[in-house]
Amino acid sequence: MVLFESLGKQKYLTGPYQGLPPESTSGIVNRSFMWWLNRLFFRGFRSLLTTEDLDHLDKPLKSAATAPKALRAWALRRRPERRFEFPWQMIQAFKGPLALTILPRLFLIGFTFSQPFLITSILNWLDNSHSASNHGYGLIGATLLIYLGMALSTLIYDQLLYQFVTMFRGAASSMIYNHALHIPDGTLGDRSATITLMTTDVDRIINCLITLNESWARTFEVGIGIALLALRLGWVCLIPLVVVLSKNSNLTTYAISR
């Protein structure tokens with residue numbers, strides 16, 4: 001069953017489903033390892049890529065599907081608007097796709113912090129000359145599982161995160177363009193400001209959202225790392241935390257003074 005499920009289904013589609021992108025019609029293994037991109041890579045290796053060579057976006061990622069959600073969320077915004085009202089409403093509009101990134105990120109944290117335990121087990125097995133060979137095979141399997149899990153969880157996390165980024169970019173650009181069409185003539189001194197909003201400013205917001213999405217995971221990682229150090233070193237594990245916090249406070253004070 002897994003073998004049949006992993007096969008592509010493009011040739012079995014009929015009617016309006018023939019135009020679906022390869023990502024939507026690929027099997028589990030194909031999507032997990034991003035093999036559906038190989039055809040595009042080979043095409044780019046043989047010739048110069050054009051926009052016609054690129055695959056169509058999946059329907060949920062298109063601006064026609066994301067813009068109405070963003071407009072509904074923006075209509076429910078608080079008035080007067082807060083400082084970060086626009087990114088917050090966009091997160092509210094696409095909280096479902098953003099929430100999907102949590103599980104693979106947690107798996108990545110788990111696999112990452114499994115490495116110290118794996119290395120400890122390997123060193124203990126090497127130190128013991130009477131260790132059973134089956135234990136060694138188990139360590140090989142654990143190594144394969146951990147590093148394959150890290151690769152897959154990173155890939156799935158990045159894929160889901162940038163799907164959210166694509167939705168946000170399309171919705172934000174559509175909202176700005178729609179608002180620009182309703183600006184009366186003569187009220188906007190610099191018309192290039194609208195283009196700046198749709199490009200540079202949207203990119204800045206996206207970078208901030210990616211960093212913000214990583215902040216909760218990094219907080220977990222810092223806590224787990226300090227706990228693991230405490231098991232080995234005791235209270236000395238707090239010294240790196242004190243150094244980092246003092247450095248951050250100095251940088252914050254300097255930034256405020258500037």
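Q: At what angle do helix H9 and helix H10 pack?
A: This is a predicted model: local features need pLDDT (the predictor's confidence in each residue, from 0 to 100) of at least 70, side-chain atom pairs count only at pLDDT 80 or more, and totals for chains, interfaces and linings use all residues. Residues are numbered from 1 along each chain as its sequence is written, and side-chain values use heavy atoms, leaving out hydrogens and water. Helices (H or I, at least four residues) and strands (E, at least two) are DSSP runs numbered from the N terminus. With axes (lines fitted to C-alpha atoms, for helices over the stretch in contact, with angles from 0 to 180 degrees between N-to-C directions) 11 Å apart, H9 (residues 115-127) and H10 (residues 133-181) pack at about 160°.

Q: Are H9 and H10 roughly parallel or antiparallel?
A: Angles under 35 degrees count as roughly parallel, over 145 as roughly antiparallel, 65 to 115 as roughly perpendicular and the rest as oblique. At about 160°, H9 and H10 are therefore roughly antiparallel.

Q: How many charged residues does the contact of H9 with H10 have?
A: Among the residues in contact (heavy atoms within 4.5 Å) are Trp 125 in H9 and Tyr 147 in H10. Ala, Val, Leu, Ile, Met, Phe, Trp, Tyr, Cys and Pro count as nonpolar, Asp, Glu, Lys and Arg as charged, and the others, Gly among them, as polar. The contact of H9 with H10 has eight nonpolar residues, five polar ones and, as for charged residues, none.

Q: How far apart are the axes of H8 and H10?
A: The contact includes Phe 107 and Phe 111 of H8 along with Gly 149 and Tyr 157 of H10. Its residues divide into ten nonpolar, four polar and one charged. H8 and H10 pack at about 155°, and their axes lie apart by 8 Å.

Q: Which helix has the highest confidence in the chain?
A: The chain averages a pLDDT of 79, and 82% of the residues score at least 70. Confidence is lowest in H1 (residues 2-6), at a mean of 61, whereas the highest value, 93, belongs to residues 102-112, helix H8.
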